[in-house]
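Biologist: Thanks for sitting down with me. Could you take me through this structure and explain the terms you use for it as we go?

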Amino acid sequence: MKPEAITSSYRRWAPIYDMTFGRITHAGRRHATRVVNQTGGQVLEVGVGTGLALPYYAPEIEVTGIDFSEDMLERARAKVAEENLWHVKELRQMDARALDFEDASFDTVVAMHLISVVPDPEQVMAEMARVCRPGGQILLVNHFAREEGWLGWVERGFAPLADLIGWHSNFSKERVLGVGCLQLVEETPLTALGLFTYLKLTRAA
Ligand SMILES: C[S@@+](CC[C@H](N)C(=O)[O-])C[C@H]1O[C@@H](n2cnc3c(N)ncnc32)[C@H](O)[C@@H]1O
């Protein structure tokens, strides 16, 4: 998606996100935050959106969130204030293609339902690898394209509407696997139809 399409699309999504797409994607958020809570440390959530995952991080985990859309971030900030989420260190407007953090700043980088939205997923993967410490982990939750079956056919049909709906419906998993220092160590289908997938990648030590 183009940056201007992200802004306009997520301006429309922000008021209804939690009760629509946010509801059907709950499983991935719970799964990824459980993994984070077992490992601890400094966490960066890229594309934090309305902050739906923020209440699920354990209180001792220090979470930084970034998002391109101010409309989505505004809602995340409201959750932090209303729910006293003191473990959330910072929420900043930022483009995931150029993360404003030093190399190796985080133990874990999480990106849920983000990678098929961003304009340049390969660059975003490279940036997430850069800010993750050697030996650290990158956790992705996303929908990835299916080659076969009627669902694959539906996904390809929706593909031209990416700017309107807010993500690419036929995004290939291969596009997140090209960063040399990252190794895929786990792949778990989530939900009954395998609509969403959890991927864990580790950064070479
Ligand atoms: C489908 S929402 C997912 C939000 C959240 N991760 C969740 O699971 O509910 C995608 C988010 O990615 C953000 N986004 C899109 N492109 C971005 C970019 N280049 N940099 C940072 N955030 C971006 C959007 O603003 C939106 O909040």
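**Asking why**

Modeller: Gladly! Please keep in mind that this is a predicted model. The protein has seven helices and seven strands, and from the N terminus on they run α-α-α-β-β-α-β-β-α-β-α-α-β-β.

Biologist: What makes a residue count as buried, and what share of the 205 residues does so?

Modeller: Buried means under 20% relative accessible area. By that cut-off, 50% of the 205 residues count as buried. The protein exposes about 9,600 Å², with carbon and sulfur atoms supplying 54% of that area.

Biologist: Why is the set with V36, L54 and Y57 called a nonpolar core?

Modeller: A nonpolar core takes buried residues of types such as Val, Leu, Ile, Met and Tyr, joined through side-chain atoms within 4.5 Å. The largest one here has 35 residues, and V36, L54, Y57, I61, L91, V110 and M112 have the most contacts inside it. These residues are of the listed types and belong to the joined set, so the name fits. Elements giving two or more residues to this core include α1 (3–13), α3 (26–39), β3 (88–93) and β4 (106–112). Apart from it lies another core of 28 residues, V109, I115, V124 and I138 among them.

Biologist: Which residues does V110 touch, leaving out those up to four places away in sequence?

Modeller: V110 touches A32, V36, V43, L44, E45, V46, Y57 and L139. Across the protein, residues 24 or more positions apart account for 69% of the contacts with a separation of 6 or more.

Biologist: Now the ligand. How do you know that R29, G47 and D67 make polar contacts with it?

Modeller: The cut-off for a pair of N or O atoms is 3.5 Å. An oxygen atom of the ligand is 3.1 Å from a side-chain N or O atom of R29. For D67, a ligand oxygen atom is 2.6 Å from an N or O atom in the side chain. At G47, a ligand nitrogen atom is 2.6 Å from a polar backbone atom. Each distance is within 3.5 Å, so these pairs count as polar contacts.

Biologist: How much of the ligand does the protein bury?

Modeller: Taken alone, the ligand exposes 600 Å², and the protein buries 99% of that. The elements giving two or more residues to the shell around the ligand are α1 and β2 (62–67).

Biologist: What kinds of residues make up that shell?

Modeller: The shell divides into 15 nonpolar, four polar and three charged residues. Of the 22 residues around the ligand, Y17, G47, D67, A96 and M112 come nearest. Under the classes used, Asp is charged and Gly is polar, so D67 counts as charged and G47 as polar.

How values were computed. Residues are numbered from 1 along each chain as its sequence is written. This is a predicted model: local features need pLDDT of at least 70, side-chain atom pairs count only at pLDDT 80 or more; totals for chains, interfaces and linings use all residues. Side-chain values use heavy atoms; hydrogens and water are left out. Buried means under 20% relative accessible area, exposed over 50%, partly exposed in between (1.4 Å probe, protein chains only). Helices (H or I, at least four residues) and strands (E, at least two) are DSSP runs, numbered from the N terminus. Contact means heavy atoms within 4.5 Å. A residue is near a molecule or strand if one of its heavy atoms lies within 4 Å of it. A polar contact is a pair of N or O atoms within 3.5 Å; within protein, one must be able to donate a hydrogen and the other to accept it, and residues adjacent in sequence count only if both atoms are side-chain atoms. Accessible areas come from the Shrake-Rupley method with a 1.4 Å probe; for residues, only the protein chains shown count as cover.
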